[in-house]
Amino acid sequence: MSNLSHPSSLSSASAADDRPEGPARRLARRLPIVGALAAGSVLLLAVPAFAHVSVQPDAAEKGGYATVNFKVPNERDDASTVKLEVNLPTDHPLASAMPQPVPGWSVKVTKAKLAKPIDMHGEKITEAPSKITWTAEDKGVEPGQFQQFPVSVGQLPEDADQVVFKALQTYDDKQVVRWIEPTKEGAPEPENPAPVLKLTAAGDDAHGATATAADAKNGHKDGAKATTTAATDASDSDSTARILAVVGIVVGIVGVGFGVLAGRRRSA
């Protein structure tokens, strides 16, 4: 009892509390905050990466033919995607758009008359595809899943730097998400960006999307092979991104745990 009220004991405790913090103590105090911020930052960066409808690969050669995939992730946890509508450009019309069959989905290609006919392999083309609509015949794209819709397109314009595909994603509760907003260079990405296929000069790297004119003239015979390659590349890219995100989260959690442990040791 006498030890608790002894002046020397009180003065010693007070002196210990008044001592300035050293670098080690300051580091231990800050580690929990740094770890939490790191974990939170990784989560914020990891989640939005797969959120919107996109076209993959994202580039192809001007004047060529390409097999691309419209990738549709389900953003909802209480509804399934049951329809996708992709509007094809009218300012630079594509003479050909041939969708590959997707199990569990029906597909319809809508054509429209062209204000100005275009030439394709020496033939006058007076109408061109204007919209492709996929409709689920079963459950559609369920929560936590995504679906790819392959299309062989061409001939890509030679006088443009990109092709914009405005898309509408419909859920089974009738909600429609309109992926139609243009992405402006140097500006933040809009909330609902439209899928964009960048066009590169002939000979530039177009991520394997471009096919030859002979393929297109013969009915895109190699379309299925190109689609498989594109789908594999997209899957590998997604897997790598997810692995990096998980590693970042683990590092953040370890930082938090180390900070908490250091704080406890300091308190003890």
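These exercises work through a sheet, a nonpolar core and a buried glutamine in a predicted model.

**Exercise 1. The open sheet**

Task: Work out the order of the three strands in the open sheet, and find which strands form its edges.

Solution:
- Step 1. Start with the order. The three strands run E2-E12-E9, and their pairing is mixed.
- Step 2. Find the edges. Strand E2 (59-61) and strand E9 (162-164) each pair on one side only.
- Step 3. Add the twist. From one strand to the next, it averages 25°.

**Exercise 2. Pairing sense and register**

Task: State in which sense E12 pairs with E2 and in which sense with E9. Then find the residues of E12 that stand opposite Ala-60, Glu-61 and Val-164.

Solution:
- Step 1. Recall the choice. Strands of a sheet pair through backbone hydrogen bonds, either parallel or antiparallel.
- Step 2. Take E2 with strand E12 (residues 196-200). Three bridges join them in the parallel sense.
- Step 3. Read the register here. Ala-60 faces Leu-199, and Glu-61 stands opposite Thr-200.
- Step 4. Turn to E9 and E12. They pair over three bridges in the antiparallel sense. Val-164 stands opposite Val-196 of E12.

**Exercise 3. The largest nonpolar core**

Task: Identify the residues that touch the most other members of the largest nonpolar core, and the strand that supplies its largest share.

Solution:
- Step 1. Take the core as a whole. It has 32 residues, and Phe-70, Trp-134 and Leu-197 touch the most other members.
- Step 2. List strands that each supply at least two core residues. Among them are strand E3 (65-73), strand E4 (81-87), strand E7 (123-136) and strand E8 (146-154). E12 also belongs to this list.
- Step 3. Pick out the largest share. E3 gives four residues.
- Step 4. Look around Phe-70. Leaving out residues up to four places away in sequence, Phe-70 touches Trp-134, Leu-84, Val-86, Phe-149, Val-151 and Phe-165, among others. Its contacts also include Ser-54, Gln-147 and Gln-148.

**Exercise 4. Gln-169**

Task: Decide whether Gln-169 is buried or exposed. Then find which side chain makes a polar contact with the side chain of Gln-169.

Solution:
- Step 1. Place the residue. Gln-169 lies in strand E10.
- Step 2. Apply the cut-off. Buried means under 20% relative accessible area. Gln-169 has 0%, so Gln-169 is buried.
- Step 3. Find the polar partner. The side chains of Gln-169 and Thr-81 make a polar contact of 2.9 Å.
- Step 4. Survey the surroundings. Beyond neighbours within four places in sequence, Gln-169 contacts residues including Val-53, Val-72, Pro-73, Asn-74, Lys-83, Gln-175, Val-177 and Trp-179. Thr-81 is also one of these contacts.

Notes. Residues are numbered from 1 along each chain as its sequence is written. This is a predicted model: local features need pLDDT of at least 70, side-chain atom pairs count only at pLDDT 80 or more; totals for chains, interfaces and linings use all residues. Side-chain values use heavy atoms; hydrogens and water are left out. Two strands pair if DSSP finds at least two bridges between them. Axes are lines fitted to C-alpha atoms, for helices over the stretch in contact, and angles run from 0 to 180 degrees between N-to-C directions. A nonpolar core is a set of buried Ala, Val, Leu, Ile, Met, Phe, Trp, Tyr and Cys residues joined through side-chain atoms within 4.5 Å. Buried means under 20% relative accessible area, exposed over 50%, partly exposed in between (1.4 Å probe, protein chains only). Contact means heavy atoms within 4.5 Å. A polar contact is a pair of N or O atoms within 3.5 Å; within protein, one must be able to donate a hydrogen and the other to accept it, and residues adjacent in sequence count only if both atoms are side-chain atoms.
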